[in-house]
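Let's take a walk through a protein chain together. Please have a look at the sequence and the fold before reading on.

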Amino acid sequence: MKKTAILSALILCFIFYNSVSAAEAAKVVIVDIQRCMVESNEGKRVSESLKQEILAMQQRYVNAQKELAELQKEIEKQSLMLSTEAKASKQSEYNKKSRELTYLAEDLEDEQQTAQQNATQKILKEIYAIIDSMGKQQSYDLVLEKSSAGIIFASGALDITDQVIKEINKVKP
């Protein structure tokens, strides 16, 4: 019984020693993906393109609003001169355009969210590919994302965000 206990203790010590040695040798680094997206040239381009797309969507909405306001003014101006049927027709047209404006707002909101998601996915895919390539070249054992990994503090020596940004800018000048 004593031999088994001693043998078990030796095996546990050996396993513990090997896992401590392996942990010490592991190359762990941290990357701030959000910062890569904001500071890289490609991230800035994607962000600017997205802004332009959103501005175009907003302009479509503003134009539709103006059209609806003009129709309202027209109805108000001609209110006394129009027959009951004509008033009803104009009011019906106004109600229809008002509903269309509501649907346009919803559609544009959906388009905006989709465009944002697509832009984010595009840049993330490129960033992840570069990090993967750097990880293989530098023989990293583990790459953690700074914000989502729940890291409160890490040595600046572990942070490779600047290197990743430089690499992105090299690949996508």
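The paragraphs below go from the overall layout to a few chosen side chains.

Keep in mind that this is a predicted model. The protein chain holds five helices and two strands, and their order along the sequence is α-β-α-α-α-β-α. Of its 173 residues, 23% count as buried. About 12,600 Å² of the protein chain is exposed, and 56% of that area comes from carbon and sulfur atoms. If you take the contacts with a separation of 6 or more, 85% of them are between residues 24 or more positions apart.

Now to the charged side chains. Side chains of opposite charge can pair when their charged atoms come close. How many salt bridges does the whole structure hold? A search finds 10. One of them joins E67 and K97, with 2.9 Å from N to O. This pair links distant parts of the chain, since E67 sits in helix α3 and K97 in helix α4, 30 residues apart. E67 is partly exposed at 43% relative accessibility, and K97 is partly exposed too, with a relative accessible area of 24%.

Helices α3 and α4 also supply the partners of another salt bridge, E74 and K90, at 2.4 Å from N to O. Because E74 belongs to helix α3 and K90 to helix α4, the pair ties together parts that are 16 residues apart in sequence. E74 counts as partly exposed, at 31% relative accessibility. Elsewhere, R35, E39 and D162 form one network through salt bridges that share partners.

A further salt bridge stays inside one helix: the side chains of E42 and R45 meet at 2.9 Å, N to O. These two residues are three apart in helix α3 (residues 41-78), so about one helical turn separates them. Is E42 buried or exposed? E42 is buried, because its relative accessible area is 5%, whereas R45 is partly exposed at 38%.

Next, find helix α4 (residues 84-138), where D107 lies. Together with E106, E109 and D110, D107 makes up a patch of negative charge on the surface. D107 itself is partly exposed, with 43% relative accessibility.

Our last stop is I151, in the loop between β2 (142-145) and α5 (161-171). With a relative accessible area of 22%, I151 counts as partly exposed. Beyond its neighbours within four places in sequence, I151 contacts I30, L144, E145 and K146. I30 is 121 residues away from I151 in sequence, yet their C-alpha atoms are 9.1 Å apart in space.

Methods
Residues numbered from 1 in each chain as written. Predicted model: local features only at pLDDT ≥ 70, side-chain atom pairs only at ≥ 80, totals over all residues. Heavy atoms only, no water. Patch = residues over 30% accessible without salt bridge, like charges linked within 9 Å, V, L, I, M, F, W, Y side chains within 5 Å. Areas by Shrake-Rupley, 256 points an atom, 1.4 Å probe, with all protein chains shown as cover. Salt bridge = Lys/Arg side-chain N within 4 Å of Asp/Glu carboxyl O. Lys, Arg positive; Asp, Glu negative; His and termini not counted. Charge placed at Lys NZ, Arg CZ, Asp CG, Glu CD. Helix = DSSP H or I, 4+ residues; strand = E, 2+ residues; numbered from the N terminus. Buried < 20%, exposed > 50% of the residue type's maximum accessible area, 1.4 Å probe, protein only. Contact = heavy atoms within 4.5 Å.
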